[in-house]
Amino acid sequence: MHIRRATTTDIDLLVRLRLAFLGDLRPLSPETQAALTKELRAYFEKQLPGEDFRVLLGFVGDEPAATAFLVYSNYPPNDLVPGARRAMAGGIYTLPAHRRRGYASRIVAELARIAREEGAAILDLLATEAGAKVYAGLGFQTVDDAYMRLHLQGGAGG
């Protein structure tokens with residue numbers, strides 16, 4: 001698998017991959033897919049050229065196989081995390097035909113390399129039970145922090 005950074009010319013592919021990722025988590029109605037397509041397109045058009053968002057695409061030949069994104073944020077430094085720049089990996093997805101070949105490991109390892117190179121002090125991600133084993137093999141550790149969420153704009157979704 002060869003990995004490259006996505007650009008604005010990849011937006012259609014990114015939308016398709018994101019919808020496939022979400023569809024694997026839960027069924028999406030045609031109406032939801034249409035609304036998400038529009039929102040995702042606008043999101044990628046705005047975020048891809050910026051300094052705080054990266055998307056990687058993995059290809060086997062010319063066929064897309066995997067993707068993941070990296071979002072940066074700047075926190076005040078503290079005694080446990082030196083430096084303010086933090087990175088969060090997400091949307092780690094391998095298409096069904098390419099699973100169980102180590103592609104998620106490779107794309108997350110590349111995200112970690114980029115985050116380190118771009119000055120992030122830490123790289124976080126939320127892992128499924130199966131994914132946690134993969135990420136532990138890359139050096140990720142389970143942290144004791146409680147992950148909680150408050151919906152500020154309504155709705156129960158992500």
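Start by selecting Arg 85 and Tyr 72: the charged end of Arg 85 sits over the ring of Tyr 72, 3.7 Å from the ring centre. (A charge counts as over a ring if NZ of Lys or CZ of Arg is within 6 Å of the ring centre and within 35 degrees of the ring normal.) Now pick Arg 86, which lies over the face of Tyr 75 at 4.3 Å from the ring centre.

Before you move on, some ground rules. This is a predicted model, where local features need pLDDT of at least 70 and side-chain atom pairs count only at pLDDT 80 or more, while totals for chains, interfaces and linings use all residues. Residues are numbered from 1 along each chain as its sequence is written, and side-chain values use heavy atoms, with hydrogens and water left out.

**Stop one: strand β4**

Select residues 85-94, and you have strand β4. (Helices, H or I with at least four residues, and strands, E with at least two, are DSSP runs numbered from the N terminus.) How many of the ten residues in β4 are buried? Nine are, so it's mostly covered. (Buried means under 20% relative accessible area, exposed over 50%, and partly exposed in between, with a 1.4 Å probe and protein chains only.)

Add residues 63-74, strand β3, which pairs with β4 in the antiparallel sense over eight bridges. (Two strands pair if DSSP finds at least two bridges between them.) To see one bridge, click Ala 66 and its partner in β4, Thr 94.

Next bring in β5, residues 122-125, which runs parallel to β4 and is joined to it by four bridges. Here Met 88 stands opposite Asp 124 in β5. Show helix α3, residues 103-117, as well: β4, α3 and β5 make a right-handed β-α-β unit. (Right-handed means that, with the strands pointing away from you, the path from the first strand over the helix to the second runs clockwise.)

**Stop two: strand β2**

Go to Arg 54, in strand β2 (residues 53-60). Is Arg 54 buried or exposed? Buried, because its relative accessible area is 4%. Its side chain reaches the backbone oxygen of Gly 50 at 3.3 Å, and a polar contact of 3.2 Å joins it to the side chain of Glu 118. (A polar contact is a pair of N or O atoms within 3.5 Å; within protein, one must be able to donate a hydrogen and the other to accept it, and residues adjacent in sequence count only if both atoms are side-chain atoms.)

Still in β2, select Phe 59, which is buried at 8% relative accessible area. Leaving out residues up to four places away in sequence, Phe 59 touches Met 1, His 2, Arg 4, Leu 13, Pro 64 and Ala 65. (Contact means heavy atoms within 4.5 Å.)

**Stop three: aromatic rings**

A search of the whole structure finds six aromatic pairs. (Rings of Phe, Tyr and Trp, using its six-membered ring, pair if their centres lie within 6.5 Å; planes under 30 degrees apart are stacked, over 60 edge-to-face, and the rest tilted.) Select Tyr 43 and Phe 53: their centres are 5.3 Å apart and their planes at 85 degrees, so this pair is edge-to-face. Tyr 43 lies in helix α2 (residues 30-47) and Phe 53 in β2, so the pair ties together parts ten residues apart in sequence. Tyr 43 is partly exposed at 36% relative accessibility, whereas Phe 53 is buried at 2%.

For your last selection, add Phe 44 and Phe 69, which form one aromatic cluster with Tyr 43 and Phe 53.
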